[in-house]
Structure formats: C-alpha cells, structure tokens
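I opened a fresh page for this protein and kept the sequence and the 3D view side by side. These are my notes, in the order I looked things up.

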Amino acid sequence: MTRLKAFQRLVLQYADVADALVIYIEEAHPSDGWISSDAPYQIRKHRSLEERLRAARLMAREAPGVAIVADSMENSCNGAYGAYFDRLYIVQDGKVVYQGGRGPEGYRISELRHWLDQYRTRLRDAVIRV
C-alpha cells in the first residue's frame, strides 16, 4: 500500500475527530532530476504554478476524499514546516502538536494513528465527565 493510500485510510478512520489536508510541495523525484525507479508517474520539476496544480490534481485522483492543495512556487509551506520530501503534522488551534519525522524514513502513519487514538480517547473522556 502506498503512503498516500495509507493516509487516505487514516483520514476516513478519524474523520469524526480530525480534518485532514495534504499540501503538495515540490516534486521529490522529478523526471528531469533525481529520478525514482518506482515512481508511478513521471513528473518534471515544476516550472509554473499550473504544473504544480496539475501534479496535485493527479495526486487527488489517487486519494478520493482527501483534501489536497498545492504549495506556492516559492515553497512557503515547505519552508515553514520543513516538509521536504514528506512529513506528517497535526495542527490544533494554530499550534503544531505533532510533528513526524522527515520522509520517507521518518514518515510513520502508525505514530499519527496513535496520537489520534489518544486524542479520540481524551475527547470521549471529556464528554463523559461533563
């Protein structure tokens, strides 16, 4: 299963307690750069916002139900969150409360799932105590 499919499954599983957003950043393995032999698509380095949006739409087709937006050509989200290649975050009330490791090695859906399980439990316990 791809990381995107695993993330999609997580999004659906925790939709009752969390909203999810994927920010498509610059292409990690562009076809005209550091090529990956197992890349499902050949996407060249983005030269315009339209090219980046086209790549984000391709990703969106692979994961229905997951909100996907594209970073600016200045890579402002990537720079602010240090996301290159990929990274998982939980932002709550404007603060980062979970920051996963840098992908691909540090990309751990299981850690995110654990955090969300604990959060769901805290919400449930708070409702019971009221």
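Is Ala56 buried or exposed? I looked up its relative accessibility and found 5%, so Ala56 counts as buried, the cut-off being under 20%. I note here that the model is a predicted one.

**Entry: around Ala56**

I placed Ala56 in helix H2. I then listed its contacts, leaving aside neighbours within four places in sequence, and found Tyr24, Ile68 and Ala70. I also took one distance: the C-alpha atoms of Ala56 and Asp71 are separated by 9.4 Å, with these positions 15 residues apart along the chain.

**Entry: helix H2**

I checked the length of H2. At 1.5 Å a residue, its 14 residues should span 20 Å, and the end C-alpha atoms are 20 Å apart, so the two values agree. I wrote down the buried residues of H2 as Glu51, Arg52, Ala55, Ala56 and Leu58. They cover an arc of only 155 degrees around the axis, and therefore lie on the same side of H2. I asked what covers these buried residues, and the cover includes E1 and E2.

**Entry: the whole chain**

I counted four helices and four strands in the protein. Along the sequence they follow the pattern α-β-α-β-α-β-β-α. The C-alpha atoms fill a box of roughly 55 × 30 × 25 Å along the principal axes. Of the 130 residues, 34% are buried. I then took the contacts with a separation of 6 or more, and 46% of them are between residues 24 or more positions apart.

**Entry: the core**

I reminded myself that nonpolar side chains tend to be buried together in soluble globular proteins. The largest nonpolar core here has 25 residues. Those with the most contacts inside it are Phe7, Val66, Leu88, Ile109, Leu112 and Leu116. Helix H1 (3–13), strand E1 (22–24), helix H2 (49–62) and helix H4 (109–129) are the elements that give two or more residues to this core. I picked Ile109 for a closer look. Without its neighbours within four places in sequence, Ile109 is in contact with Ala6, Phe7, Leu10 and Leu88.

**Entry: aromatic pairs**

How many aromatic pairs does the structure hold? I found two. For Tyr81 and Tyr89, the ring centres are 5.0 Å apart and the planes stand at 70 degrees, so I entered this pair as edge-to-face. Tyr81 has a relative accessible area of 34%, which means that Tyr81 is partly exposed. The other entry is Trp115 with Tyr119, a stacked pair with 5.3 Å centre to centre and 20 degrees between the planes. Trp115 and Tyr119 are separated by about one helical turn, because they are four residues apart in helix H4. Both Trp115 and Tyr119 are buried.

**Entry: charges over rings**

I looked for charged ends over aromatic rings. Arg122 has its charged end over the ring of Trp115, 5.5 Å from the centre. Arg3 lies over the face of Tyr107, at 5.4 Å from the ring centre.

**Entry: positive phi**

I noted the general rule that most residues other than glycine have a negative phi. Which residues did I find with a positive phi although they are not glycine? Asn75 has a phi of about 60 degrees, and Asp93 has one near 50 degrees. Asn75 is found in the loop between strand E2 (68–70) and helix H3 (76–81). Asp93 is found in the loop between strand E3 (89–92) and strand E4 (95–99). I also checked the accessibility of Asp93: at 79%, Asp93 counts as exposed.

**Entry: Gln99**

Last, I looked up Gln99, which has its place in strand E4. Its relative accessible area is 45%, so Gln99 is partly exposed. Not counting residues up to four places away in sequence, Gln99 touches Arg87, Leu88 and Tyr89. Leu88 was already on my page as one of the core residues with the most contacts. I took a distance to Arg61 as well: the C-alpha atoms of Gln99 and Arg61 are separated by 26 Å, and the two residues are 38 apart along the chain.

Key. Residues numbered from 1 in each chain as written. Predicted model: local features only at pLDDT ≥ 70, side-chain atom pairs only at ≥ 80, totals over all residues. Heavy atoms only, no water. Core = buried A, V, L, I, M, F, W, Y, C linked by side-chain atoms within 4.5 Å. Buried < 20%, exposed > 50% of the residue type's maximum accessible area, 1.4 Å probe, protein only. Contact = heavy atoms within 4.5 Å. Phe/Tyr/Trp six-rings, centres within 6.5 Å; stacked < 30°, edge-to-face > 60°. Lys NZ or Arg CZ within 6 Å of the ring centre and 35° of its normal. Expected span 1.5 Å × (residues − 1). Arc of directions from axis to C-beta.
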